Amino acid sequence: MNATLDLTAVEAMDAADPLRAMRDRFTLPEGVIYLDGNSLGAAAPAVFNELQKAATKEWAQDLIRAWNTAGWFDMPVALGDQLGRLIGAAPGQTVVCDTTSINIYKVLHAALGMRPDRSVIVAEGDSFPTDLYMAEGVASTRPGTVLRLEGVDAATIEGLIDERVAVILVNHVNYKSGQLRDMAALTRRAHQAGALIVWDLCHTAGALPVELDSANADFAIGCTYKYLNGGPGAPAFIYAAKRHHDDVHQPLSGWWGHARPFAFEQGFAAGSGIRRFLCGTQPMLSMRALKGALDIWDDVDMAAVRTKSIALTDLFIRLVETRCGAYGLELESPRDGNRRGSQISFMHPHGYQVMRALIERGVIGDFRAPSTIRFGFTPLYVGYRDVWQAVEVLEDILRTEAWKEARFAVKTAVT
């Protein structure tokens, strides 16, 4: 990056960006700089087209026949394979279904069942809350099962792993700080102790290259409405390494996971392969919306995404610290781009008010209690000029103390 940085230099970075044409494949409102793709990705015309076709042709005209003629019944596995390319998973190991929370419940039960002589779940104390809530729920259904937390029971996850641990549930990227964990190293450590590991990819899939197979991961879960742009409430996914398919059993034994779902048998017999993780009838309109979003990724080089992500976030840190450093901001994310995901977090004692003021001015990020203002950088549609302009607005809000205006006062816990 140039030693002297000005708008001309930033615009030159946009001109040289190999992903710049991808922005045209998304619908973004005029006057908005969208830095919250790590909460909800932007919409795309390709998604609208899939929804239109699924609703007006397949549902309206084909009716029940669409389960076969439109391939609805096989869509969870087909989309799983399409998504699998982005997370380093060979075909047949990923299925799109249900929600992240439900999928956590399924895989934790499955992992505990594969280690019947062990009774400990390990997770992060600062994990996204749903991971902890679901881990607590799983533990409550299995007498003697306990939950150990990083930052509570020991300083690090590595310090919690022993011969009693059955499964480790860990975020690849921390939702607040953006810190990136070493997947291969932690997976090795888990396996050395005889434990299984579940990777939460909610803030990873679509943000950076992931290599689940190469890392020898056991399981992974994640959502598709953030960096993958599948739409609000888009279905989540599960990855299970093929070597575990014959041994895995999950508790939500719905008919879609049956070996012969249309035999309508009284007793449950688990299906084969990754279909074992299916439960009930899946939301086909949401599935079709996700297909439109994933089709965009067929033209994307994940290495280019990662390169741009680091460049965008490096630029943001540099500009914020240069222009806003005197106003009480403290970097919460790792400074080294190789150690973080595609987001930057700063702490500010009045972070809620600052973020509300930013959003009113058209710079959309988000706030995480108690003091984190968080900015997500989606390389497919965020440019370097966006970063420059966002920091200009942030500087003005802090310099003029516009965030002190009464309308920005704290009213709720989150933005």
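**Entry 1: the largest pocket**

I began with the largest pocket of this predicted model, and I noted for it a volume of about 340 Å³. I then looked up its lining, which is made up of 21 residues, and wrote down E124, E150, Q179, L180 and R181 as the ones that lie nearest the centre. Which helix gives the most to this lining? I found that helix α7, covering residues 183–192, does so, with 3 residues. Sorting the lining of the largest pocket by class, I recorded 10 charged residues, 7 polar ones and 4 nonpolar ones.

**Entry 2: the second largest pocket**

I turned next to the second largest pocket, which holds about 280 Å³ of space. Its lining has 20 residues, and those closest to the centre are T100, F128, C202, Y225 and K226. When I asked which elements give two or more residues to this lining, I arrived at α5 (100–114) and α6 (129–140). By class I listed 8 polar residues, with 6 nonpolar and 6 charged ones beside them. I also checked the lining of the second largest pocket against the domains, and I noted that at least three residues come from domain 1 (7–44 + 301–408) and at least three from domain 2 (48–295).

**Entry 3: T100**

Since T100 is among the residues closest to the centre of the second largest pocket, I looked it up separately, and I placed it in helix α5. Is T100 buried or exposed? I entered it as buried, because its relative accessibility is 12% and the cut-off for buried is under 20%. Leaving out residues up to four places away in sequence, I found that T100 touches C202, I221, G222, C223 and A236; of these, C202 is also listed with T100 among the residues closest to the pocket centre.

**Entry 4: the whole chain**

Last, I stepped back to the protein chain, in which I counted 12 helices and 13 strands. I noted that the C-alpha trace spans about 70 × 55 × 40 Å along its principal axes. For the radius of gyration I wrote down 22 Å, which agrees with the value near 22 Å that a compact globule of 415 residues would have. Of the 415 residues, 56% count as buried. Finally, I looked at contacts with a separation of 6 or more, and I recorded that 73% of them are between residues 24 or more positions apart.

Terms used
Residues numbered from 1 in each chain as written. Predicted model: local features only at pLDDT ≥ 70, side-chain atom pairs only at ≥ 80, totals over all residues. Heavy atoms only, no water. 1 Å grid on protein atoms, 1.4 Å probe; cavity = no way out; pocket = protein on both sides within 12 Å on 5 of 7 lines; lining within 4 Å. Points joined across faces, edges and corners; volume = space filled by probe spheres on them. Helix = DSSP H or I, 4+ residues; strand = E, 2+ residues; numbered from the N terminus. Nonpolar A, V, L, I, M, F, W, Y, C, P; charged D, E, K, R; others polar. Domains from an automatic or database assignment. Rg over C-alpha atoms; globule rule 2.2 N^0.38 Å. Buried < 20%, exposed > 50% of the residue type's maximum accessible area, 1.4 Å probe, protein only. Contact = heavy atoms within 4.5 Å.
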